[in-house]
Amino acid sequence: MKNQYPIGRYQIPTEYNKEMINQWITDIEELPYKLNNIVSNMDHSLRNKQYRDDSWNVNTLIHHIADSHLHGYIRTKLILTEDNPNVSTFEENEWVKLADNFNDFNESVMFLLGIHLRWATILKSLTEDQLERTMIHTDNGVVPLKQMISLYAWHGNHHLEHIKIALGIIEGE
């Protein structure tokens, strides 16, 4: 179970403060750079390494992060420009079967760099009122933007740890 949730399962925050929100925004902003640092000199033969039996490999994880965080970016814009928009899920296990999942992972790293730069610009500009704006999620009901930010910060760090485990990267070395 540790390799499945190396940083623990996502927990909806019971309280929010400016420091927490700023840290989540920083986590989102820095994710592509951390990811790029890990994989930029990686031998491509390692792209199929898994963090546990029957898990996604490094290549698929990177493409999945890009797919998911594109949704986060778009959801942020929808929340800020529409009144309580409806958002849907995406079938991640089906998305990874599509042809672009077999592209080089560096394409998704570059994609993440661009999306996260734009996303971080928006997130850093949010007012308290904007953080309270909501969306209606197909599975999770009404979700405030500040909660969504916490989820995507966790999501990026969660999969970053999966990649480190797959590649045998131990912190402090």
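**View 1. The loop between α2 and β1, with residue N84.** In this predicted model, N84 sits in the loop that joins α2 to β1 (86-87). Although N84 is not a glycine, its phi is positive, at about 50 degrees. Its relative accessibility is 26%, and N84 therefore counts as partly exposed.

**View 2. The loop between α1 and α2, with residue D54.** Here the view turns to D54, which is found in the loop between α1 and α2. D54 is a residue other than glycine, and its phi is nevertheless positive, near 65 degrees. Because its relative accessibility reaches 79%, where anything over 50% is classed as exposed, D54 counts as exposed.

**View 3. Helix α2 against helix α4.** Helix α2 (residues 58-81) and helix α4 (residues 105-124) have axes that come within 9 Å of each other and cross at roughly 25 degrees. An angle under 35 degrees counts as roughly parallel, so α2 runs roughly parallel to α4. The crossing in which α2 passes α4 is left-handed. On the side of α2, the contact is made by N59, I62, H63, I65, A66, H69, L70, G72, Y73, T76, K77 and L80, while α4 contributes residues including F105, F111, I115, R118 and I122. Divided by character, the residues of this contact comprise 14 nonpolar, seven polar and two charged.

**View 4. Helix α1 against helix α4.** The axes of helix α1 (residues 18-39) and α4 come within 8 Å and cross at roughly 160 degrees. Since an angle over 145 degrees counts as roughly antiparallel, α1 and α4 are roughly antiparallel to each other. As α1 passes α4, the crossing is left-handed. The residues of α1 that make the contact are I25, I28, E29, L31, P32, Y33, L35, N36 and V39, and among their partners on α4 are L113, L117, A120 and K124. The residues of this contact divide into 15 nonpolar, two polar and two charged.

**View 5. Helix α6 and the residue that follows it.** Helix α6 (residues 145-167) has 23 residues, which at 1.5 Å a residue should span 33 Å, and the C-alpha atoms at its ends are 33 Å apart, in agreement with that expectation. Of these 23 residues 20 are buried, so α6 is largely enclosed by the rest of the structure. Just after α6 comes G168, which takes a positive phi of about 75 degrees.

**View 6. Residue N157 within helix α6.** Within helix α6 lies N157, whose relative accessibility of 19% falls under the 20% limit, so that N157 counts as buried. If residues up to four places away in sequence are not counted, N157 touches I7 and D27.

**View 7. Residue V143 in strand β3.** Strand β3 (residues 141-144) holds V143, and this residue is buried, with a relative accessible area of 5%. Leaving aside residues up to four places away in sequence, V143 touches R133, T134, M135, H137 and M148. The C-alpha atom of V143 is separated by 39 Å from that of H44, a residue 99 places apart from V143 along the chain.

Technical notes. Residues numbered from 1 in each chain as written. Predicted model: local features only at pLDDT ≥ 70, side-chain atom pairs only at ≥ 80, totals over all residues. Heavy atoms only, no water. Axes fitted to C-alpha atoms, helices over the stretch in contact; angles between N-to-C directions. Helix = DSSP H or I, 4+ residues; strand = E, 2+ residues; numbered from the N terminus. Parallel < 35°, antiparallel > 145°, perpendicular 65-115°, else oblique. Left-handed = near helix turned anticlockwise from the far one by under 90°. Contact = heavy atoms within 4.5 Å. Nonpolar A, V, L, I, M, F, W, Y, C, P; charged D, E, K, R; others polar. Expected span 1.5 Å × (residues − 1). Buried < 20%, exposed > 50% of the residue type's maximum accessible area, 1.4 Å probe, protein only.
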